[in-house]
Amino acid sequence: MQGLNNLSSFAAVLEQRFDQSSWSYDPRSGRYRGANGRFLSQSAVEALVDGRANKLGTLLRRLTKRLADGNITLDQWQQSVRELLKIAHVQAAIIGHGGRDSMTASDWGRIGQGLREEYRYLEGFARDLLDGRVSPAMGLARIGLYAQAIRKSYWQGTELRQQKQGYSMMRRILDPQAIHCDDCRIYASRGLVPIGSLPMPGQRCACRSNCKCRVEYKRGAGLSVQV
C-alpha cells in the first residue's frame, strides 16, 4: 500500500491487481480453471471475489481516514469512492459471468443500474459525513459495507451465466461459520426452487452486505454444479 500519494493511485492499485490470466471459464464443463488448467472449486472462485472485496475495503478505509484527517475534501472523497466502486463491481461481475468476453451489452447495462443505486447510497453517506451525523470511527466501519456489496455483482453474473448453461434450479446455502439473519434462514429452508425465485446473497435480507450465503445451481433434479 505504499505510494498512494494521490487519489488516482488508489484506482491504479485496484486495477493492476486484477489478473484474469490466473483463471478462465470453461463453458463446456461449466466450471472455472486455474492458471495450471485444473478446475477450481467453488470456494476458490468465491475467494477471487473475496480478494477483490478485501482490497477494496482497505482502499476505501484509507480514503475515509484521509478525509477524517482533513487531507482531502468531501468531494474528492466521494469522487474517488465512486471510481473504486465502479472498478470493483465490474471486476466481480466479470468473475461471475465467466470473463469479460462473455458479457453482453445488457449485462453491462445491468452493472450500470446497480452502480447508480450504490451511488445514491453514497450520496446519503456523504451528507451524513458533512452534517456530522456520522463520526470518523462510524464512517470507517460503514465504508467497509460498500466493499462487501460487490459480491452482489458476482452472484448476479453467476446466475445469468448458469441460466445460459441450462441450469434451471437454485438453492441458498448457509455458511456454517457465519451468523445468519432470519431472512437468510427462510431462503435456505425453501430448498431447491426455480432460478429467480430467491434473491441473491445480500439482497432482501437483514444481513445486507455482510451476507455470507452462497447459491448452488442444478439442472432440474440433476447434480449441483460448482460455480
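**Close-up views of a predicted model**

**Figure 1. His97 in helix 3.** His97 belongs to helix 3, which covers residues 74-97. The model shown here and in the other views is predicted. With a relative accessibility of 6%, His97 counts as buried, because the cut-off for that class is under 20%. Leaving out residues up to four places away in sequence, His97 touches Ser102, Met103 and Asp107, and also Gly157, Leu160 and Arg161.

**Figure 2. Overview of the chain.** The chain contains 7 helices and 6 strands. Read from the N terminus, the order of these elements is α-β-β-α-α-α-α-α-β-α-β-β-β. The radius of gyration is 18 Å, close to the 17 Å that the globule rule gives for 227 residues, so the chain is as compact as a globular protein of that length. The C-alpha trace spans about 55 × 40 × 35 Å along its principal axes. Of the 227 residues, 47% count as buried. Among contacts in the chain with a separation of 6 or more, 71% come from residues 24 or more positions apart.

**Figure 3. Surface and charge of the chain.** The exposed area of the chain is about 11,500 Å², and carbon and sulfur atoms supply 48% of it. The chain carries 34 positive and 20 negative charges, and the mean positions of the two sets are 4 Å apart.

**Figure 4. Ser209 in the loop between strands 4 and 5.** Ser209 is placed in the loop that runs between strand 4 (193-194) and strand 5 (214-218). Its relative accessible area is 17%, and Ser209 is therefore buried, the limit being under 20%. The side chain of Ser209 reaches the backbone oxygen of Leu145 at 3.2 Å. Leu145 is also one of the residues in contact with Ser209 once neighbours within four places in sequence are left aside; the others are Gln148, Ala149 and Arg151. Of these, Leu145 and Gln148 fall within the range of helix 5 (residues 136-148), the helix shown again in Figure 6.

**Figure 5. Asp175 in the loop between strand 3 and helix 7.** The loop that holds Asp175 lies between strand 3 (169-173) and helix 7 (182-189). Asp175 has a relative accessible area of 27% and is partly exposed, because this value lies between the limits of 20% and 50%. The side chain of Asp175 reaches the backbone nitrogen of Gln177 at 2.8 Å. Beyond its neighbours within four places in sequence, Asp175 is in contact with His180 and Lys212. Asp175 and Cys211 are 36 residues apart in sequence, and their C-alpha atoms are 9.3 Å apart in space.

**Figure 6. Arg142 in helix 5.** Arg142 is found in helix 5, made up of residues 136-148. At 28% relative accessible area, Arg142 is partly exposed. A polar contact of 3.1 Å joins the side chain of Arg142 to the side chain of Asp128. Asp128 also appears among the contacts of Arg142 outside its neighbours within four places in sequence, together with Gly124, Phe125 and Val134. Phe125 and Arg142 are separated by 17 residues in sequence and by 8.8 Å in space, C-alpha to C-alpha.

Key. Residues numbered from 1 in each chain as written. Predicted model: local features only at pLDDT ≥ 70, side-chain atom pairs only at ≥ 80, totals over all residues. Heavy atoms only, no water. Helix = DSSP H or I, 4+ residues; strand = E, 2+ residues; numbered from the N terminus. Buried < 20%, exposed > 50% of the residue type's maximum accessible area, 1.4 Å probe, protein only. Contact = heavy atoms within 4.5 Å. Rg over C-alpha atoms; globule rule 2.2 N^0.38 Å. Areas by Shrake-Rupley, 256 points an atom, 1.4 Å probe, with all protein chains shown as cover. Lys, Arg positive; Asp, Glu negative; His and termini not counted. Charge placed at Lys NZ, Arg CZ, Asp CG, Glu CD. Polar contact = N/O pair within 3.5 Å; in protein donor to acceptor, adjacent residues only side chain to side chain.
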